[in-house]
Amino acid sequence: MTSEKITAAAAGTWQLGDLPVNRIGFGAMRLTGSAAFNLGTPSDRDRSIAVLRRAIELGVNHIDTAAFYFSSLRSANELINSALAPYADDLVIATKVGPFRNYSGEWGTSARPDDLRGHVEENLRQLGRDHLDVVYLRRMRQDSVAEHFGALAELREEGLVRHLAISDVEPRHLAEAQAIAPVVSVQNRFGLDSSSPDTDEMLRICGEQGIAFVPFFAIAGEAGPQGATTAHDDEVLSIAEAHDASPAQIRLAWSLAQGPHVLAIPGTGNPDHLAENVATGAIRLTEEELSRLNELHSKAG
């Protein structure tokens, strides 16, 4: 398929609270290097800035980032600020708080509730904004999210945050958060070869309640932060050939087909991959193809 002229609008739109976004967005994690965090070599800064600007040209208006997305030389938030500020009125930037990396890049102790103001303010400084559109509380193994989410709800009341979201959670955590403040989105690991009863249930619940569900590592699969998987099942390869598409596009198209509330945030530092990811929004899998892929997902661990 020809990808150069297909825009993010091809996938349709969704409302993050009162913020309309195209269902194909952009994840900033891979802007900083050949792999996420400090796992690879730092990226070429000019190329990363060009990718961000091209994403906007292709209709992307939903960017997912975090202050802890940085390599030894690059910061995702700094790149976004340099490339896109002053920001377009319709651009929605979602950030995550909770995890913490020190200046050497090592993971530190995850945030206490009273640390979250500092996490939010650091994202504001790096992005050059006076408020954050959407902030995810990324759960870091704690049994309850109530105290942390309550701290973010206070920042929302102060106007530093517009909408709240949660990540890496089970259905019980969603209910816990909703008792405190509205939740506009849930972000969990989910993909063709990544299946868990809790996340499958979360996908269903979000659809019923009109909450966005945003999978991460939908393309990367088992490779996770290291990069996109190259281990593709024969079914994926066959369907990709039928659509004149790449296996990565079929993985992403399958995730979008799970419901109109599912948003995609594929990340890349490669302009060709960017255009390919955006063009995925135009792929329409048949019922028979979806059935075959659903069967693969049901067998995944």
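This report describes the overall build of a predicted model and then its aromatic ring pairs and the charges placed over rings.

## Overall build

The chain of this predicted model holds 10 helices and nine strands. Its radius of gyration is 18 Å, close to the 19 Å that the globule rule gives for 301 residues, so the chain is as compact as a globular protein of that length. The C-alpha trace spans about 50 × 45 × 35 Å along the principal axes.

Of the 301 residues, 56% count as buried, and the accessible surface of the chain comes to about 12800 Å², with 49% of that surface belonging to carbon and sulfur atoms. Among the contacts with a separation of 6 or more, 75% are accounted for by residues 24 or more positions apart.

## Aromatic pairs and a four-ring cluster

A pair of aromatic rings is described by the distance of the centres and the angle of the planes. In this model the count comes to seven aromatic pairs. One of them joins Phe 37 and Trp 107, whose ring centres are 5.1 Å apart and whose planes stand at 80°, so that the pair is edge-to-face, given that an angle over 60 degrees is what this class requires. The pair links distant parts of the chain, since Phe 37 belongs to the loop between strand 3 (26-27) and helix 1 (45-57), while Trp 107 belongs to the loop between strand 5 (92-97) and helix 3 (116-127), the two residues being 70 residues apart.

The partners in this pair are covered as follows: Phe 37 is buried, with a relative accessible area of 13%, whereas Trp 107, at 44% relative accessibility, counts as partly exposed. The limit that matters for the first assignment is 20%, because buried means a relative accessible area under that value.

A further pair is formed by Phe 68 and Tyr 69, with ring centres 5.4 Å apart and planes at 85°, and it is therefore also edge-to-face. Phe 68 is buried at a relative accessible area of 7%, and Tyr 69 is buried as well, at 5%. Ring pairs link these residues into a cluster made up of Phe 37, Phe 68, Tyr 69 and Trp 107.

## Charges over rings

Trp 107, a member of the cluster, also has a charged group placed over its ring: the charged end of Arg 101 sits there, 5.6 Å from the ring centre. Another arginine, Arg 129, lies over the face of Tyr 87, at 5.0 Å from the centre of that ring.

Terms used:
Residues numbered from 1 in each chain as written. Predicted model: local features only at pLDDT ≥ 70, side-chain atom pairs only at ≥ 80, totals over all residues. Heavy atoms only, no water. Phe/Tyr/Trp six-rings, centres within 6.5 Å; stacked < 30°, edge-to-face > 60°. Helix = DSSP H or I, 4+ residues; strand = E, 2+ residues; numbered from the N terminus. Buried < 20%, exposed > 50% of the residue type's maximum accessible area, 1.4 Å probe, protein only. Lys NZ or Arg CZ within 6 Å of the ring centre and 35° of its normal. Rg over C-alpha atoms; globule rule 2.2 N^0.38 Å. Contact = heavy atoms within 4.5 Å. Areas by Shrake-Rupley, 256 points an atom, 1.4 Å probe, with all protein chains shown as cover.
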